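Let's take a walk through this structure together. Keep the 3D view open and turn it as you read.

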Amino acid sequence: MIPVKKHLSTDVLVVGGGIAGLSAAISARASGVGVLIAEKANTLRSGSGATGNDHFLCYIPEKHGPDVSVIVKELHQSMMGASQDVPLSRRFLEKSFDIVKLWHSWGINMRIDDDWTFMGHAFPGRPRIFLKYEGDDQKPILTREAKKAGADILNHHMIVDLFRTRDGIAGALALDVSGEAPSFAVIRAKCVILATGSGNRLYTSRNTPGTLFNTGLCPGCTASAQAQAWRIGATLVNMEQPVRHAGPRYFTRVGKATWIGIYRYPDGRLLGPFVTKATKELGDITSDVWNSSFSDVMHNGTGPAYIDCSDVPAEDLAFMRRAMASEGLTGLVNYMDEQGIDPARHAMEFGQFEPQLMGHGVQIDINGETDVPGLFAAGDAIGNCRADLGGAAVYGWICGEEAAKRAAACELVPEEEAEKDAWLAERMAHYSSFHERASRHGWQEVNRCLQQIMSDYANVGPHHVRSENLLNAGLKYLADMRALAGTQMAAPDAHTLMRAIETLDLMDCGEIIMHAARERRETRGMHIRSDFTFTNPLLNDKFLTIRRERGKPVTAWRDKLTA
Amino acid sequence: MPPVIDETKCIHCGKCADICPLSVFFFRREERAVPEVRYPDECWHCNACGLDCPQGAVSLQIPLNYMLLRIEASQLKQTKE
Ligand SMILES: Cc1cc2nc3c(=O)[nH]c(=O)nc-3n(C[C@H](O)[C@H](O)[C@H](O)COP(=O)(O)OP(=O)(O)OC[C@H]3O[C@@H](n4cnc5c(N)ncnc54)[C@H](O)[C@@H]3O)c2cc1C
Ligand code: SF4
Ligand code: SF4
């Protein structure tokens with residue numbers, strides 16, 4: 001059995017030190033409670049915001065006018081609008097300017113050209129909701145602020161499970177991956193905030209099918225929050241709805257809105273009717289509106305689609321280059337330089353990437369709390385309020401405040417109780433079995449098999465269908481694979497055990513997605529059912545929730561909150 | 001081998017290994033050696049190691065199958081008119 005080497009306790013445990021996690025930690029500390037962040041890598045450079053982002057979705061009254069509803073509406077009409085509970089997006093937007101100002105005061109430049117400047121993902125003639133900023137050093141700066149506020153940071157510790165009492169959350173189990181030999185840490189906490197980011201490595205890479213880590217968002221984010229919350233009975237929402245980003249091929253990286261250019265067919269015709277000449281003020285919005293465009297043009301043979309930056313003024317191209325560094329794209333930019341690729345001269349092919357979990361996941365209430373009392377969640381891992389970087393920063397902050405309030409008024413579970421916890425013991429034995437096993441079957445084989453099954457039996461549009469038959473077959477094969485992995489996957493050291501547990505989390509998510517997709521007996525967005533080809537208007541303002549009860553998935557429809 | 005460390009520049013500080021979001025390197029502080037690129041297939045090519053190495057000792061070797069697909073933009077213009 002892998003030994004338990006640490007017993008820790010804290011008021012608020014933050015799982016994942018990305019954007020949402022660091023924000024939550026700072027705000028919870030500001031409310032005066034003890035905070036511990038457990039991060040599987042290092043908060044200085046972890047997660048999807050590792051080396052930068054450059055668009056912060058927010059509402060700034062002096063720019064947008066006094067009525068927040070105008071911006072709420074714009075958010076709901078954007079490409080991330082479908083899975084939002086309105087009161088949550090409203091609370092997020094109302095708080096967003098405070099967080100923007102805080103970031104600026106900490107030295108993250110939120111005022112390029114000395115003003116609040118909105119550009120990117122913008123429609124001609126519509127209010128703009130993305131504040132352009134310079135996020136190159138956001139992670140080191142947020143880490144410094146979290147430390148300054150007095151939060152403790154436990155780097156190189158992956159949270160592998162949560163534990164609870166009947167009354168609510170009790171803490172979490174961490175795997176210490178700082179050395180070669182794994183060990184566990186049991187962390188008791190009055191409140192836990194899940195901030196583990198998006199879910200990648202679920203589907204076969206669209207760009208480079210042989211690889212696991214060529215992903216648009218951080219491949220170290222593997223939907224832990226969804227899987228772990230599910231395992232202790234919390235409710236998830238909108239899990240069947242996929243997100244697909246688009247960008248260059250074959251080096252997969254998000255950040256499409258940082259590119260300034262026009263999308264064209266190979267014969268030079270414009271892909272969309274929105275913009276004929278791109279500037280830094282207004283790029284081409286076509287692929288936000290026509291999300292499947294890059295795939296459609298391949299499917300019907302009129303493609304591929306290119307982004308043409310060659311008509312963009314030189315000054316704006318220089319601006320784009322600077323913005324790409326802020327956006328965390330230096331790996332890509334350096335590679336382009338090495339290869340002699342110059343946006344002024346070369347048109348780059350753009351394509352859609354594989355599906356991922358982002359903004360579909362843990363269901364929270366207006367305070368960021370789940371239906372397990374004391375368990376909160378924020379950022380890419382939540383299922384009913386998506387706003388990416390800005391959403392993570394702002395809802396992280398809200399969760400920190402709310403968790404601190406709750407923590408101040410409740411007690412830790414006693415240490416003896418945690419020691420006797422049957423669920424924790426079972427999970428430790430389960431994870432230890434992979435470490436103790438002599439077998440050569442690594443986690444990579446299991447992860448690839450999961451991707452094969454998801455891509456064959458639970459794929460998403462355009463040009464792929466789901467059906468009762470396919471999903472049933474997929475669930476059967478997933479169970480078979482789980483049995484194989486359960487007896488044959490081996491993890492000889494801490495690092496490989498971390499990857500193996502990530503794969504187990506992803507498997508749970510695959511299963512949840514298939515159960516939910518089966519229940520959604522209609523076609524909506526990229527969820528295309530060959531056996532239910534219509535969009536059912538009766539489901540327009542409904543969300544599908546799913547949770548686990550006595551080992552079985554329970555799905556339910558609820559009204560989307562609109563008030 | 002995605003990240004490549006220039007051994008003549010490396011001062012064995014361990015920064016790259018500590019901050020890599022994907023824990024690609026293996027480094028033991030006691031050994032004072034160049035970090036080992038132990039899990040090259042798990043590199044995300046985020047360039048955090050390149051940005052944070054105090055010696056500028058790390059560069060990325062992008063796999064050949066990540067080739068960026070492009071054409072001369074003038075080709076689009078010829079047909080566009
Ligand atoms: C190149 C790029 C550019 C982008 N640009 C923009 C942009 O301009 N605007 C925008 O709105 N969005 C952008 N995004 C998306 C944005 O980065 C994310 O929405 C944002 O980082 C989400 O924050 P988060 O805290 O939810 O997750 P993350 O910031 O990804 O943090 C999750 C953290 O949890 C850790 N973790 C995961 N599982 C565990 C576990 N089990 N135990 C412990 N730790 C764990 C991870 O290591 C990571 O540190 C971009 C993404 C990328 C990759
Ligand atoms: S950060 Fe640079 S100098 Fe430090 S160990 Fe890594 S390669 Fe060597
Ligand atoms: S590029 Fe990023 S993922 Fe790759 S080794 Fe460097 S820090 Fe790690």
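What follows goes from the inside of the model outwards to its ligands and a few odd spots in the backbone. Bear in mind throughout that this is a predicted model.

Let's start with the greasy interior. In soluble globular proteins, nonpolar side chains tend to be buried together. Here the largest nonpolar core has 202 residues. If you want landmarks inside it, pick L13(A), F56(A), W103(A), W259(A) and L375(A), the residues with the most contacts within this core. Helix α16 of chain A, running over residues 494-519, is the top contributor, giving 14 residues. Where does this core lie with respect to domain 1 and domain 2 of chain A? Both domains give residues to the core, so it lies between them.

Two of those landmarks deserve a stop. W259(A) touches quite a list of residues, even with those up to four places away in sequence left out. Among them are P248(A), C309(A), L332(A) and F350(A), along with the methionines M320(A), M324(A), M336(A) and M348(A). The other landmark, L375(A), sits in strand β15 of chain A, which covers residues 375-377. Is L375(A) buried or exposed? With a relative accessible area of 0%, L375(A) counts as buried. Setting aside neighbours within four places in sequence, its contacts include L162(A), I169(A), V192(A), L194(A) and A229(A). The fold also brings together distant parts of the sequence here: L375(A) and R164(A) are 211 residues apart along the chain, yet their C-alpha atoms are separated by 9.4 Å.

One of those contacts, A229(A), leads us to helix α6 of chain A, residues 224-231. This helix is mostly covered, with eight of its eight residues buried. The buried set isn't just nonpolar names, either: alongside A225(A), A227(A), A229(A) and W230(A), you'll find S224(A), Q226(A), Q228(A) and R231(A). Just after the helix, G233(A) takes a positive phi of about 95 degrees.

Now step back and look at how chain A is divided. The domain assignment gives domain 1 as 4-51 + 136-243 + 356-418, and domain 2 as 245-355. Their C-alpha centres lie 33 Å apart. Where the two meet, domain 1 of chain A brings 17 residues to the contact and domain 2 of chain A brings 16 residues. The size of an interface is often given as the accessible area lost when the parts come together. For these two domains that comes to about 1,500 Å², 43% of it on carbon and sulfur atoms. Which three residues supply more than any other three of the area that domain 1 of chain A buries against domain 2 of chain A? They are D136(A), R206(A) and N207(A), which supply 39% of that area.

Chain B comes into the picture through a second, separate core of five residues. This core includes Y306(A) and A347(A) as well as I71(B) and L76(B). Look beside I71(B) and you'll see R70(B), in strand β5 of chain B, residues 70-72. R70(B) is partly exposed, at a relative accessible area of 31%. Beyond its sequence neighbours, R70(B) is in contact with Q339(A), I341(A), H346(A), A347(A), M348(A) and E349(A).

Chain B also lines two of the ligands. Around ligand 2 there are 13 residues, and the closest are C10(B), C13(B), G14(B), C16(B) and C53(B). That shell divides into nine nonpolar, three polar and one charged residue. Ligand 3 is surrounded by 13 residues too, with C20(B), C43(B), C46(B), N47(B) and C49(B) the closest. Its shell has eleven nonpolar, two polar and no charged residues.

Finally, a few backbone curiosities. A cis peptide bond joins R249(A) and Y250(A), and Y250(A) lies in the loop between β10 and β11 of chain A. Another cis peptide bond joins G303(A) and P304(A), with P304(A) in the loop between α8 and β12 of chain A. D114(A) has a positive phi of about 55 degrees although it is not a glycine, and D114(A) is exposed at 65% relative accessible area. Over in chain B, R32(B) also has a positive phi, about 50 degrees, without being a glycine. R32(B) is found in the loop between β2 and β3 of chain B, and is exposed with a relative accessible area of 52%.

Key: Residues are numbered from 1 along each chain as its sequence is written. Chains are lettered from A and ligands numbered from 1 in the order in which they are written. This is a predicted model: local features need pLDDT of at least 70, side-chain atom pairs count only at pLDDT 80 or more; totals for chains, interfaces and linings use all residues. Side-chain values use heavy atoms; hydrogens and water are left out. A nonpolar core is a set of buried Ala, Val, Leu, Ile, Met, Phe, Trp, Tyr and Cys residues joined through side-chain atoms within 4.5 Å. Buried means under 20% relative accessible area, exposed over 50%, partly exposed in between (1.4 Å probe, protein chains only). Helices (H or I, at least four residues) and strands (E, at least two) are DSSP runs, numbered from the N terminus. Domain bounds come from an automatic or database domain assignment. Contact means heavy atoms within 4.5 Å. A residue is near a molecule or strand if one of its heavy atoms lies within 4 Å of it. Ala, Val, Leu, Ile, Met, Phe, Trp, Tyr, Cys and Pro count as nonpolar, Asp, Glu, Lys and Arg as charged, and the others, Gly among them, as polar. Buried area is the accessible area (1.4 Å probe) that two parts lose on being put together, summed over both.
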